[in-house]
Amino acid sequence: MAVTVPSVEDISGLKDLIKQLNGRVDELERAVKGGVRPTPAEQLRMILIGPPGAGKGTQAPKIKEKFCVCHLATGDMLRNQIASNTPLGLEAKKIMDKGGLVSDEIMVGMIQSELDNNKECKNGFILDGFPRTVPQASRLDEMLEKRNEKLDHVIELQIDDRLLVDRITGRLVHVNSGRSYHRIFNPPKKDMVDDITGEPLIQRSDDNAETLIKRLSTYHKQTAPVVNYYKQKGIWQGIDAAEEPGKVWNKLLQIFDGAAPKPEGKISAAIHKVEQKVSNLTTRA
């Protein structure tokens with residue numbers, strides 16, 4: 001009797017199915033616990049670092065959805081605190097109205113407030129846009145230590161500046177809908193015209209090479225010391241963000257899976273057996 005050799009597509013499909021099943025098992029386990037707050041060891045606490053255009057806005061929502069954690073983008077958080085008229089928000093607004101920079105103490109206080117009061121932060125958090133300096137990183141560590149918590153991962157999305165310039169400067173936007181195109185990677189059917197409405201597309205004023213190069217220069221100067229700080233702590237990892245988003249996501253999952261505990265229970269054990277069989281098929285293919 002002839003034996004059918006599985007194709008690469010078959011194996012890839014099985015791997016995707018396993019990931020979906022693992023995600024469903026995680027959901028069921030959380031439901032069984034009945035909303036009991038996880039211990040610090042069971043949470044995901046991470047920082048996502050990357051220059052503008054690296055893909056943080058693509059990957060962070062996927063991490064948030066998979067692990068049921070909150071995404072704390074510091075700009076959004078600051079605006080929300082001000083709009084809600086919280087004591088920290090009012091204090092920050094006074095400083096900003098005078099043209100000053102919001103202090104590290106206020107920013108860390110806002111993060112702590114989110115961790116205490118935002119239900120989405122029950123299972124952990126993704127920090128995006130903070131810390132930008134080593135003193136901020138140190139203050140964040142101190143705050144987490146008082147909570148008997150610590151960071152699990154600091155992941156940097158790395159990409160060559162020249163590719164970022166190509167990504168950003170080629171971006172075209174339909175103002176009314178927010179639809180975006182790219183001159184090279186995702187061009188409209190007709191030059192400078194929205195595919196759906198036929199209305200004109202624009203290029204945002206800050207999506208130009210000169211502005212982006214200045215932003216990138218500032219980013220690198222700020223980020224290098226912070227990256228070194230976390231490298232010394234052994235929790236930094238870099239990912240090539242020049243690859244397509246699906247490949248970047250798979251590399252993120254590999255990092256998270258590397259720190260994950262082995263599955264338990266009958267369903268998880270069955271999934272683990274399937275994983276082993278798929279691994280054997282991959283080796284033979």
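**Exercise 1. The surroundings of L72**

Leaving aside its neighbours within four places in sequence, which residues is L72 in contact with?

*Solution.* The model is a predicted one, in which local features need pLDDT of at least 70 and side-chain atom pairs count only at pLDDT 80 or more, whereas totals for chains, interfaces and linings use all residues. Residues are numbered from 1 along each chain as its sequence is written, and side-chain values use heavy atoms, with hydrogens and water left out.

Step 1. Contact is taken as heavy atoms within 4.5 Å. With neighbours within four places in sequence set aside, L72 is in contact with M77, I111, E114, L115, C121, F125, I126, L127 and D128.

Step 2. L72 is also listed, together with L140, L151 and Y230, among the residues with the most contacts inside the largest nonpolar core, which has 31 residues. Such a core is a set of buried Ala, Val, Leu, Ile, Met, Phe, Trp, Tyr and Cys residues joined through side-chain atoms within 4.5 Å; buried means under 20% relative accessible area, exposed over 50%, and partly exposed in between, with a 1.4 Å probe and protein chains only.

Step 3. At least two residues of this core come from each of β1 (44-49), β2, α3 (74-83), α5 (104-117), β3, α6 (134-146) and α8 (209-233), and the largest share, six residues, is that of α5. Helices (H or I, at least four residues) and strands (E, at least two) are DSSP runs, numbered from the N terminus.

Step 4. Another core, of 24 residues, lies apart from it and includes L44, L48, I155 and I239.

**Exercise 2. The sheet**

Determine the strand order of the open sheet, and then follow its pairings from one edge to the other.

*Solution.* Step 1. The five strands are arranged as β2-β3-β1-β4-β7, with parallel pairing, where two strands pair if DSSP finds at least two bridges between them. The edge strands, each pairing on one side only, are β2 (70-73) and β7 (236-240).

Step 2. At one edge, β2 is joined to the parallel strand β3 (residues 124-128) by four bridges, and H71 stands opposite I126 in β3.

Step 3. Further along, four bridges join β1 to β4, which run parallel, and the bridge partner of M46 in β4 is H153. Strand β4 (residues 153-158) is mostly covered, since five of its six residues are buried.

Step 4. At the other edge, β4 and β7 run parallel and are joined by five bridges, with V154 opposite W236 in β7.

**Exercise 3. The two sides of α3**

Which residues of α3 are buried, and what covers them?

*Solution.* Step 1. The buried residues of α3 are T74, M77, L78, Q81 and I82. They lie on the same side of α3 because they cover an arc of only 130° around the axis, the arc being that of the directions from the helix axis to the C-beta atoms.

Step 2. The cover over these buried residues includes β2, α4 (87-97), α5 and β3, while the face turned away from the buried side carries the exposed residues R79 and A83.

Step 3. Just after α3, N85 takes a positive phi of about 55°.

**Exercise 4. V108, P131 and the backbone**

Locate V108 and describe how its position relates to P131, then examine the backbone at P131, C68 and N148.

*Solution.* Step 1. V108 belongs to helix α5 and counts as buried, at 8% relative accessibility. Apart from neighbours within four places in sequence, V108 is in contact with F130, R139, L140 and M143.

Step 2. Although V108 and P131 are 23 residues apart along the chain, their C-alpha atoms are separated by 9.1 Å. P131 is placed in the loop between β3 and α6, and the peptide bond from F130 to P131 is cis, with omega near 0°.

Step 3. Most residues other than glycine have a negative phi, and most peptide bonds are trans. C68, in the loop between α2 (56-67) and β2, has a positive phi near 55° and counts as partly exposed at 32% relative accessibility. N148, in the loop between α6 and β4, has a positive phi near 60° and counts as exposed at 62% relative accessibility.
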